[in-house]
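Welcome, and take a moment to turn the model around before reading on. The paragraphs below will walk you through it step by step.

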Amino acid sequence: MDDNFSADVIFMRMALREAERAAEAGEVPCGAVIVKDGEVIGKAHNQTETLKDPTAHAEILAITQAAAAVGDWRLNGAILYVTKEPCPMCAGAMVLARLDKVVWGVDDPKRGGARSKFEILDHADLNHRVAIETGVLEDECKALLRGFFRERRQEKKESENEST
């Protein structure tokens, strides 16, 4: 099968569209999609600023939608696609939700809760482990994040120049 049409790429492209929606709203561009049996059961983007809620990460919002869709907090058999490595909060929620797997685009070496900084998804003392796959559409995910923060820095610089 052509890599451009693999399930991982298709669902990560959906997550990227969610991340773009976040960026358009001034949110850190992170998007998430949850799939079970080939069907999307949850999708969201970061909304911490919009909702004034520190827990309104794309992954948390998508998990809430998916749980409502299946009528259970247990999401056994589900795969979460997310543009950036989950933070510790989101990784913990993935374990609690019993997700089978998480697939992400770009690592987060400073705050990653799944592999880069902490290894919550595979922690021996927890009652569930979540399989991981990384690097799916990594270049696109990285470009979106870098562009967003570059624009933010430029806006801050222009604002500082106006005030002097």
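## A walk from the sheet to its helices

Let us begin with a pair of strands: β1, which covers residues 31–36, runs antiparallel to β2, and six bridges join the two. Keep in mind as you look that this is a predicted model. Two of the pairings are easy to find by residue. Gly31 has His45 as its bridge partner in β2, while Ile34 is matched with Gly42 of β2. As background, the strands of a sheet pair through backbone hydrogen bonds, and they may do so in a parallel or an antiparallel way.

Where the chain turns from β1 to β2, it forms a hairpin with two residues between the strands, and there Asp37 takes a positive phi near 55°. This residue is worth a pause, since Asp37 has that positive phi although it is not a glycine. Asp37 lies in the loop between β1 and β2. Is Asp37 buried or exposed? Its relative accessible area is 75%, and the cut-off for exposed is over 50%, so Asp37 counts as exposed.

Now widen the view to the whole sheet. Five strands make up an open sheet with mixed pairing, and their order is β2-β1-β3-β4-β5. The edges are taken by β2 (39–45) and β5 (131–134); each has a single partner strand, so one side of each is left without a neighbour in the sheet. From one strand to the next, the twist averages 15°.

Which helix packs on this sheet and touches β1, β2, β3, β4 and β5? That is helix α1, residues 7–24, and its direction makes about 50° with that of β3 (78–84).

One strand residue gives a good sense of the surroundings. Val106 lies in strand β4. With a relative accessibility of 7%, Val106 counts as buried, because the cut-off for buried is under 20%. Leaving aside neighbours within four places in sequence, the contacts of Val106 are Thr83, Lys84, Glu85, Glu138, Cys141, Lys142 and Leu145. For a sense of distance, Val106 and Ser6 are 100 residues apart in sequence, and their C-alpha atoms are 18 Å apart in space.

From here we can turn to the helices and how they pack. In general, two packed helices are described by the angle between their axes and the distance between those axes. Start with α1 again, this time beside helix α5 (residues 138–163): their axes come within 11 Å and cross at roughly 5°. Angles under 35 degrees count as roughly parallel, so α1 and α5 are roughly parallel to each other. On the α1 side, the contact is made by Met12, Arg13, Leu16, Ala19, Glu20 and Ala23, and on the α5 side by Glu140, Cys141, Leu144 and Phe148. Sorted by class, this contact of α1 with α5 has seven nonpolar residues, no polar ones and three charged ones.

Another residue to find in helix α5 is Phe149. Its relative accessibility is 36%, so Phe149 counts as partly exposed. Phe149 and Arg74 are 75 residues apart along the chain, and 35 Å separates their C-alpha atoms.

A second helix pair waits elsewhere in the model. The axes of helix α3 (residues 58–70) and helix α4 (residues 88–96) come within 9 Å, crossing at roughly 25°. This angle too falls under the cut-off of 35 degrees, and α3 and α4 are therefore roughly parallel. The crossing in which α3 passes α4 is left-handed. Where do they meet? Glu59, Ile60 and Ile63 in α3 come up against Met89, Cys90, Ala93 and Met94 in α4. The residues of this contact of α3 with α4 divide into six nonpolar, no polar and one charged.

Several residues of α4 are buried: Cys90, Ala91, Ala93, Met94 and Val95. What covers them? The cover over the buried residues of α4 includes α3, β3 and β4, which brings us back to the sheet.

Our last stop comes just after α4, at Arg98, whose phi is positive, near 65°. Arg98 has this positive phi although it is not a glycine, and you will find Arg98 in the loop between α4 and β4.

Terms used:
Residues numbered from 1 in each chain as written. Predicted model: local features only at pLDDT ≥ 70, side-chain atom pairs only at ≥ 80, totals over all residues. Heavy atoms only, no water. Axes fitted to C-alpha atoms, helices over the stretch in contact; angles between N-to-C directions. Helix = DSSP H or I, 4+ residues; strand = E, 2+ residues; numbered from the N terminus. Parallel < 35°, antiparallel > 145°, perpendicular 65-115°, else oblique. Left-handed = near helix turned anticlockwise from the far one by under 90°. Contact = heavy atoms within 4.5 Å. Nonpolar A, V, L, I, M, F, W, Y, C, P; charged D, E, K, R; others polar. Pairing = 2+ DSSP bridges. Buried < 20%, exposed > 50% of the residue type's maximum accessible area, 1.4 Å probe, protein only.
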